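The exercises below are to be worked through with the sequence and the coordinates at hand. Each task is followed by a solution that goes step by step.

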Amino acid sequence: MGISFFKVSLLLANAYLSYRAWTPPVPHKVYRSEMVKEDEKASKTTHSFIAVLINILYTTLCLTEALVLIAIEYPNRQASPIILQILLPPSLTHNRTANLQALTTPFVIGSDHELITTGLYAYIRHPSYTGVHLHYVGTFLCHLTKGAWLRETGVLCKNPLVSLLLVFYLFITTARAVYTFPRSREEDVGLKKEFGEKWEVYSKRVRYRMIPGVF
C-alpha cells in the first residue's frame with residue numbers, strides 16, 4: 001500500500017509541476033520593444049495553445065494512472081470496479097495488482113526585471129532549462145518503464161488515438177528540450193545587451209548554461 005500511495009503522490013506532484021512548467025511564468029504586459037522579436041509576438045497564440053494542450057494530455061495521463069492505483073488499493077469501493085473496467089484491458093483485470101504495482105513563452109526582459117546571480121544561478125545560468133531536461137527524462141522513467149499504466153496495459157499498441165497523442169506529446173517535449181540550447185544562447189545575448197558590465201562579470205564567474213562542467 002505504501003509504495004502505491006507514494007507513487008500516486010509523485011504522479012499528482014508531477015502533474016502539478018508539469019502544469020507550472022508549461023504555464024507562462026510572467027503575465028502579459030508591455031515590454032521593452034527591442035527585447036521582443038516580431039515573430040515571437042505573432043507566435044504567442046500558438047505557444048499558448050500548445051501549452052494548454054500539453055497540460056491537458058499530461059495531466060490526464062497522470063490522473064489516469066493515479067486513479068488505477070487507488071482503485072487497486074481499494075477494490076471494494078463502489079467506483080473501483082468501474083475505474084478498472086474502463087482503464088484496464090480485460091486481460092489485466094483479473095491480475096491487476098501483479099501487473100500494475102510494478103519554451104513556449106517568448107524571451108522578454110521587463111523594465112522591473114533584475115539579473116539574478118544567487119541560488120541555483122550561482123552555479124548555472126539557466127537552471128529552469130536544466131529542469132526541462134530533468135522533466136523530459138523523468139517523464140520517460142515515470143510512464144514508459146515497467147509497472148507504468150501505459151506499458152502494462154498495452155494501450156499504446158491497442159489504441160491508435162493514445163499512440164497518436166503520445167507521439168504528439170513526445171514530439172513537442174523533445175523539440176522543447178532541444179530548443180533550450182539555442183534559446184539559452186539567445187537569452188545570453190539579450191542579457192548581455194540589457195545588463196552590460198554586470199552580465200560580463202557574472203558570465204565569467206558562472207561559465208556553464210545548463211549542465212555544470214559540461215555546457
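**Exercise 1.** At roughly what angle do the axes of helix α10 and helix α11 cross, and within what distance do they come?

*Solution.* The model is a predicted one, in which local features need pLDDT of at least 70 and side-chain atom pairs count only at pLDDT 80 or more, while totals for chains, interfaces and linings use all residues. Residues are numbered from 1 along each chain as its sequence is written, and side-chain values use heavy atoms, with hydrogens and water left out.

Begin with the helices, which are DSSP runs of H or I with at least four residues, numbered from the N terminus: α10 covers residues 160-195 and α11 residues 197-205. Next, fit lines to the C-alpha atoms over the stretch in contact, taking the angle, from 0 to 180 degrees, between N-to-C directions; the two axes come within 6 Å and cross at roughly 135°. Angles under 35 degrees count as roughly parallel, over 145 as roughly antiparallel, 65 to 115 as roughly perpendicular and the rest as oblique, and α10 and α11 are therefore oblique to each other.

Finally, list the residues in contact (heavy atoms within 4.5 Å): α10 contributes D188, L191, K192 and F195, and α11 contributes E197, K198, W199 and E200.

**Exercise 2.** Identify the residues of the largest nonpolar core and the helix that supplies its largest share.

*Solution.* A nonpolar core is a set of buried Ala, Val, Leu, Ile, Met, Phe, Trp, Tyr and Cys residues joined through side-chain atoms within 4.5 Å, where buried means under 20% relative accessible area (1.4 Å probe, protein chains only). The largest such core has 10 residues, namely L61, V68, A71, I72, L84, L88, W149, L150, V155 and L166. Both α3 (44-73) and α8 (149-153) supply at least two of its residues, and α3 gives the largest share, with four. Another core, of eight residues and including W22, A51, I54 and Y169, lies apart from it.

**Exercise 3.** How many disulfides does the structure hold?

*Solution.* Taking a disulfide as a pair of cysteine sulfur atoms within 2.5 Å, the count is zero. C62 is in no disulfide, and the nearest cysteine sulfur, that of C142, is 6.0 Å away. C62 is buried, at 0% relative accessibility, and C142 is also buried, with a relative accessible area of 18%.

**Exercise 4.** Is T139 buried or exposed?

*Solution.* T139 lies in helix α7 (residues 127-143). With a relative accessible area of 8%, T139 is buried. Leaving aside residues up to four places away in sequence, T139 touches Y58, L144 and Y169.

Terms used:
Buried < 20%, exposed > 50% of the residue type's maximum accessible area, 1.4 Å probe, protein only.
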